[in-house]
Amino acid sequence: MNDVKLAVLGGEGTGKSESVYSKHLYLEGKQLNLEIYDPCSQPKKAKFSLTSELHWADGFVIVYDISDRSSFAFAKALVYRIREPQTSHCKSCVLHFRAVESAVLLVGNKQDLCHVREVGWEEGQKLALDNRCQFCELSAAEQCLEVEMMFIRIIKDILTNFKLKEKRRPSGSKSMAKLINNVFGKRRKSV
Ligand SMILES: Nc1nc2c(ncn2[C@@H]2O[C@H](COP(=O)(O)OP(=O)(O)OP(=O)(O)O)[C@@H](O)[C@H]2O)c(=O)[nH]1
């Protein structure tokens, strides 16, 4: 079973406690254990470091409110933070991070409030495009199907990344076994 870890960031922080939701699902022929982390109770300043989220999550959903420009500014800061080059003590981890970036989906929520819109669709789209993120606008209050599709979209991106990481792994145990075989095979012949 594949573990898929998703962090949902942004939002207004109404003071509810932080939550991790867990769900088993079946997608693209795979059993998945989906964990969704919603750090809603943390103040915005604390959210900025994102150190633990960056280590934990396979992907991010960043939500802003299209009727609130300050929430878009916060979403932008989160996108920039996630796309900052990651540092690690492990050399192969650095290469790994460079090779496959986290999946990020930027979501403009409260589309039902478009009559009081403060953030244009194009602005959201541009922020996403410039930072290699997916983008959509929806209304969590009125479009539960779109919300479901949004989660499926980011999970599929994460699964694609898993496949890419698997392919780009530089020297797996199989190739190491081949190498050892080759070396000892040759030696045996020459004795
Ligand atoms: N009109 C409208 N209101 C919404 C929509 N989505 C959420 N809200 C409202 O926005 C407020 C905040 O919603 P929450 O679900 O608590 O959002 P949040 O930003 O994640 O807040 P925390 O979970 O505390 O961080 C609530 O009053 C919701 O009813 C939407 O699509 N349209």
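Q: Two strands count as paired if DSSP finds at least two bridges between them. With that in hand, in what order do the strands form the open sheet?

A: A quick word first: this model is predicted. In general, strands of a sheet pair through backbone hydrogen bonds, and they do so either parallel or antiparallel. Here the open sheet has six strands in the order β2-β3-β1-β4-β5-β6, with mixed pairing. Its edge strands are β2 (19–27) and β6 (134–137), each of which pairs on one side only. On average, neighbouring strands of the sheet are turned by 20° against each other, ignoring direction.

Q: In which sense do β2 and β3 pair?

A: Strand β2 and strand β3 (residues 30–38) pair in the antiparallel sense, over nine bridges. To find this pair in the model, look for S19, which stands opposite D38 in β3.

Q: Which strands do α5 and α6 touch as they pack on the sheet?

A: Helix α5 touches β5 and β6, and its direction makes about 160° with that of β6. Helix α6 also packs on the sheet, touching β1, β2, β3, β4, β5 and β6. The direction of α6 makes about 165° with that of β5.

Q: Where do these elements fit along the chain?

A: The chain has seven helices and six strands. Starting at the N terminus, the elements run β-β-β-α-α-β-α-α-β-α-β-α-α.

Q: How many residues does the largest nonpolar core have, and which have the most contacts inside it?

A: This core has 34 residues, and those with the most contacts inside it are V61, I62, V79, V104, L106 and V107. At least two core residues come from each of β1 (2–10), β4 (59–65), α3 (69–83), β5 (103–109), α5 (121–130) and α6 (144–168). The largest share, six residues, comes from α3. For a close-up, try V107: leaving aside neighbours within four places in sequence, V107 is in contact with V61, I62, V63, C136, L138 and M150.

Q: I see that K110 and R132 are not glycines but have positive phi. Where is each found, and is each buried or exposed?

A: A residue is buried if 20 or more other C-beta atoms lie within 10 Å of its own, and exposed if 12 or fewer do. K110, with phi of about 65°, is in the loop between β5 and α5. K110 counts as buried because it has 21 C-beta neighbours inside 10 Å. R132, with phi near 55°, is in the loop between α5 and β6. R132 has 12 such neighbours, so R132 counts as exposed.

Terms used. Residues are numbered from 1 along each chain as its sequence is written. This is a predicted model: local features need pLDDT of at least 70, side-chain atom pairs count only at pLDDT 80 or more; totals for chains, interfaces and linings use all residues. A nonpolar core is a set of buried Ala, Val, Leu, Ile, Met, Phe, Trp, Tyr and Cys residues joined through C-beta atoms within 7 Å. Helices (H or I, at least four residues) and strands (E, at least two) are DSSP runs, numbered from the N terminus. Two residues are in contact if their C-beta atoms, placed from the backbone, lie within 7 Å. Axes are lines fitted to C-alpha atoms, for helices over the stretch in contact, and angles run from 0 to 180 degrees between N-to-C directions.
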